[in-house]
Each structure stands twice: as C-alpha cells, then as structure tokens.
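Me: Hello! I am new to this structure and would like a close look at a single part, with enough background to find my way there. Please begin with what it takes to call a residue buried or exposed.

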Amino acid sequence: MKRLRSTKYLGFVRSHPCMICENNYGVHAHHLRKKKDNYPKAMGMKVSDEFTVPLCWSCHARLHQPNSSEDRFWDAEYTDDPYNYAEKLRKEFNE
C-alpha cells in the first residue's frame, strides 16, 4: 500500500480545530496509530498522511505522555473512532 505524503494535505488538516477540545491555536496533524482492523499501523515508519487528525498542542502532548497508549487516549477522550474523522477530512480535501 502506497503511503500518502502531502504537505498541502497536512496543512489542510491543521486548518481545522482540535477534534478533542476544539481549540484553533497550535493545531498539529497527528498521524493515527490506534489499532483498527484493515488500517495500516506504523511499524517504525510514519503512517500515511491520509490517516491524520487535528489535535492542539495540549491534546497532542497528552496523547504522547510517557507510559500511555494511543488506544487508551482515544477511548477516554473521543466517543467515535478517530479513523472516521480522518476519513471525513479526506473527503473534504480538494487537491
């Protein structure tokens, strides 16, 4: 499977508010690594840019806390599957 690499798309993702707290400042494009069937998980490589979601610096830092897992973060902070949000963004993007 070919991985998407697009600075234009990452800029589009960063133009959205944080999907957790809806903050508009300091938004990062986070590459999802949450486990899900039929979705590629990074194994020493960054996940394709198409699997990115907007997180503000604060939420992004909480996700990457030591001794934490991405799966637990999403289960605690977001009621839907973050891949659904990533897919919604891909559909909105016009390159």
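Reply: Happy to help! A residue counts as buried when its relative accessible area is under 20%, as exposed when it is over 50%, and as partly exposed in between. Arg 62, for example, has a relative accessible area of 30%, so Arg 62 is partly exposed. Please keep in mind that you are looking at a predicted model.

A little background will help. The protein chain has four helices and two strands, and along the sequence they come in the order α-β-β-α-α-α. Of its 95 residues, 43% are buried. The chain exposes about 6000 Å², with 49% of that supplied by carbon and sulfur atoms. Among contacts with a separation of 6 or more, 72% link residues 24 or more positions apart.

The part I suggest for our close look is helix H4, together with its partner H1. Two packed helices are described by the angle between their axes and the distance between the axes. For helix H1 (residues 7–14) and helix H4 (residues 82–92), the angle is about 115° and the axes are 11 Å apart. Their crossing is right-handed. H1 brings Tyr 9, Phe 12 and Val 13 to the contact, while H4 brings Ala 86, Leu 89, Arg 90 and Glu 92. Sorted by character, five of these residues are nonpolar, none is polar and two are charged.

Let's zoom in on Val 13, which sits in helix H1. Its relative accessible area is 0%, so Val 13 is buried. Beyond its neighbours within four places in sequence, Val 13 is in contact with Val 27, Ala 29, Thr 52, Val 53, Pro 54 and Leu 89. You have already met Leu 89 on the H4 side of the helix contact. Another landmark is Leu 55, which is 42 residues from Val 13 along the chain, with the two C-alpha atoms separated by 9.3 Å.

Leu 55 also leads us to Met 19. These two residues are 36 apart in sequence, yet 6.1 Å apart in space from C-alpha to C-alpha. Met 19 belongs to the loop between H1 and strand E1 (27–31). With a relative accessibility of 8%, under the 20% limit, Met 19 counts as buried. Setting aside residues up to four places away in sequence, Met 19 touches Val 53, Pro 54, Leu 55, Trp 74, Tyr 78, Pro 82 and Tyr 85. Val 53 and Pro 54 are also among the contacts of Val 13.

The loop that holds Met 19 has another residue to visit: Glu 22 lies between H1 and E1 too. Glu 22 has a relative accessible area of 62%, so Glu 22 is exposed. Most residues other than glycine have a negative phi. Glu 22, although not a glycine, has a positive phi of about 65°.

Now back to H4, this time for its charged side chains. Side chains of opposite charge can pair when their charged atoms come close. The structure holds six salt bridges, and here are two of those in H4. One joins Glu 87 to Lys 91, with the closest N and O atoms 3.4 Å apart. Both residues lie in H4, four residues apart, which is about one turn of the helix. Glu 87 is partly exposed at 27%, and Lys 91 is exposed at 65%.

The other joins Lys 88 to Glu 92, where the closest N and O atoms are 3.1 Å apart. Lys 88 and Glu 92 are also four residues apart in H4, about one turn of the helix. Both are partly exposed, Lys 88 at 38% and Glu 92 at 36%. Glu 92 also takes part in the contact with H1.

For a last look, step outside H4 and return to Arg 62. The side chains of Arg 62 and Glu 77 meet in a salt bridge, 2.9 Å from N to O. Arg 62 lies in helix H2 (residues 57–63) and Glu 77 in helix H3 (residues 70–77), so this pair ties together parts that are 15 residues apart in sequence. Glu 77 is partly exposed as well, with a relative accessible area of 33%.

Note on methods. Residues are numbered from 1 along each chain as its sequence is written. This is a predicted model: local features need pLDDT of at least 70, side-chain atom pairs count only at pLDDT 80 or more; totals for chains, interfaces and linings use all residues. Side-chain values use heavy atoms; hydrogens and water are left out. Axes are lines fitted to C-alpha atoms, for helices over the stretch in contact, and angles run from 0 to 180 degrees between N-to-C directions. A crossing is left-handed if the near helix is turned anticlockwise from the far one by less than a right angle, and right-handed if clockwise. Contact means heavy atoms within 4.5 Å. Ala, Val, Leu, Ile, Met, Phe, Trp, Tyr, Cys and Pro count as nonpolar, Asp, Glu, Lys and Arg as charged, and the others, Gly among them, as polar. Buried means under 20% relative accessible area, exposed over 50%, partly exposed in between (1.4 Å probe, protein chains only). Accessible areas come from the Shrake-Rupley method with a 1.4 Å probe; for residues, only the protein chains shown count as cover. A salt bridge is a side-chain nitrogen of Lys or Arg within 4 Å of a carboxyl oxygen of Asp or Glu.
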